[in-house]
Amino acid sequence: MKDVDIDGIGMTSRRTRDRLIQRLKEQGIKSPAVLEVIRNAPRHLFVDEALSHRAYEDTALPIGFGQTLSQPYIVARMTEALMAAGPLGRVLEIGTGSGYQTAVLSPLVKKVYSVERIKALNERAKKRLRTLNIRNAQLKLSDGAMGWPVMGPFDGIIVTAAPDQMPEELLQQMSENNGRLVIPVGDRGVQDLLLITRQGDTFKREVLEAVRFVPLLDGIQK
Ligand code: SAH
């Protein structure tokens, strides 16, 4: 691979990453697989170069177009909740953004489908994932409130922007056999991070914690 510093130096060194993992553990993240993937994911390549020295702090960072890459704790928490019942096959992500969450999911599941409504973000994420040689992720420019019906049903769905109400379409696209959906739902400002699990026609709803996400918006932005 050329022109990309995957390991990172200085502020992005192994020690900096170890500190982040320690912090995530202290905040209650337990899954060794999730912690290991986050330790290895080159988060500094998913933010502007000017911010890359802050990539391993546990903070949200801007990715342009008024959007943000969630803080590592939230990425870890959502990934852990999604994976908690065992390995997953097909996973749908709504809100590709930088592609960081996609990169975190990719070694943990068989295939990631990810949709983004802002064209420039979709294109940048595609390029990054190609550079990192991530081959089991398929990205699409589209309004994710509709899910990705032709690719479903999904064993897991993760939504990284907040609708004010649960999109019915996403419930339909959950696997009937232990499908899992992790989604922030609520008004602009603070939302509830929900874990929905499906067994046939029965949907169980659990509130994980209060979170702040950018809103899920309608339509595509070219
Ligand atoms: N998972 C991302 C987080 C990005 S922030 C990452 O790891 O970087 C949330 C993203 O959701 C933004 O990029 C925003 O443009 C996108 N988004 C908002 N509404 C959407 C919709 N209806 N369909 C698809 N993407 C949407």
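These legends go with several close-up views of a predicted model.

**View 1. Let's start with the largest pocket and the residues around it.**
The space inside the largest pocket comes to about 560 Å³. Its lining is made up of 34 residues, and Thr68, Thr160, Ala161, Phe213 and Val214 are the ones nearest the centre. Strands S2 (67-69), S3 (88-94), S4 (109-116) and S9 (202-211), together with helix H3 (72-83), each give two or more residues to this lining. Which element gives the most? That's S2, with three residues. If you sort the lining residues by character, you get 16 nonpolar, 13 polar and five charged.

**View 2. Here Tyr113 and Trp148 form an aromatic pair.**
Three aromatic pairs turn up in the whole structure. To describe a pair of aromatic rings, you give the distance of the centres and the angle of the planes. For Tyr113 and Trp148, the ring centres are 5.5 Å apart and the planes stand at 80°, and because an angle over 60 degrees counts as edge-to-face, that's what this pair is. Tyr113 belongs to strand S4, while Trp148 sits in the loop between strand S5 (137-141) and strand S6 (156-159), so the pair ties together parts 35 residues apart in sequence. Are these two residues buried or exposed? Both Tyr113 and Trp148 are buried. Phe154 joins in too: ring pairs link Tyr113, Trp148 and Phe154 into a cluster.

**View 3. Next up is a cis peptide bond, from Gly152 to Pro153.**
Most peptide bonds are trans. The one leading from Gly152 into Pro153 is cis instead, with omega near -5°. You'll find Pro153 in the loop between S5 and S6.

**View 4. This one shows Ser70 and the residues it touches.**
Ser70 is in the loop between S2 and H3. Its relative accessible area is 16%, so Ser70 counts as buried. Leaving out residues up to four places away in sequence, Ser70 touches Arg43, Thr59, Ala60, Val75 and Phe213. Arg43 has another partner to look for: its charged end sits over the ring of Tyr100, 5.6 Å from the ring's centre.

**View 5. Finally, meet Phe65 and Asn178, two residues with a positive phi.**
Most residues other than glycine have a negative phi. Phe65 isn't a glycine, yet its phi is positive, at about 60°. Phe65 lies in the loop between strand S1 (61-64) and S2, and its relative accessibility of 41% makes it partly exposed. Asn178 has a positive phi as well, near 70°. Asn178 is part of strand S7 (residues 177-185) and is partly exposed, with a relative accessible area of 45%.

Key. Residues are numbered from 1 along each chain as its sequence is written. This is a predicted model: local features need pLDDT of at least 70, side-chain atom pairs count only at pLDDT 80 or more; totals for chains, interfaces and linings use all residues. Side-chain values use heavy atoms; hydrogens and water are left out. On a 1 Å grid over the protein atoms alone, a cavity is a set of points where a 1.4 Å probe fits but cannot get out, and a pocket is an open set with protein on both sides within 12 Å along at least five of seven lines; lining residues have an atom within 4 Å of a point. Grid points are joined across faces, edges and corners, and a volume is the space filled by probe spheres set on the points. Helices (H or I, at least four residues) and strands (E, at least two) are DSSP runs, numbered from the N terminus. Ala, Val, Leu, Ile, Met, Phe, Trp, Tyr, Cys and Pro count as nonpolar, Asp, Glu, Lys and Arg as charged, and the others, Gly among them, as polar. Rings of Phe, Tyr and Trp (its six-membered ring) pair if their centres lie within 6.5 Å; planes under 30 degrees apart count as stacked, over 60 as edge-to-face and the rest as tilted. Buried means under 20% relative accessible area, exposed over 50%, partly exposed in between (1.4 Å probe, protein chains only). A charge sits over a ring if NZ of Lys or CZ of Arg is within 6 Å of the ring centre and within 35 degrees of the ring normal. Contact means heavy atoms within 4.5 Å.
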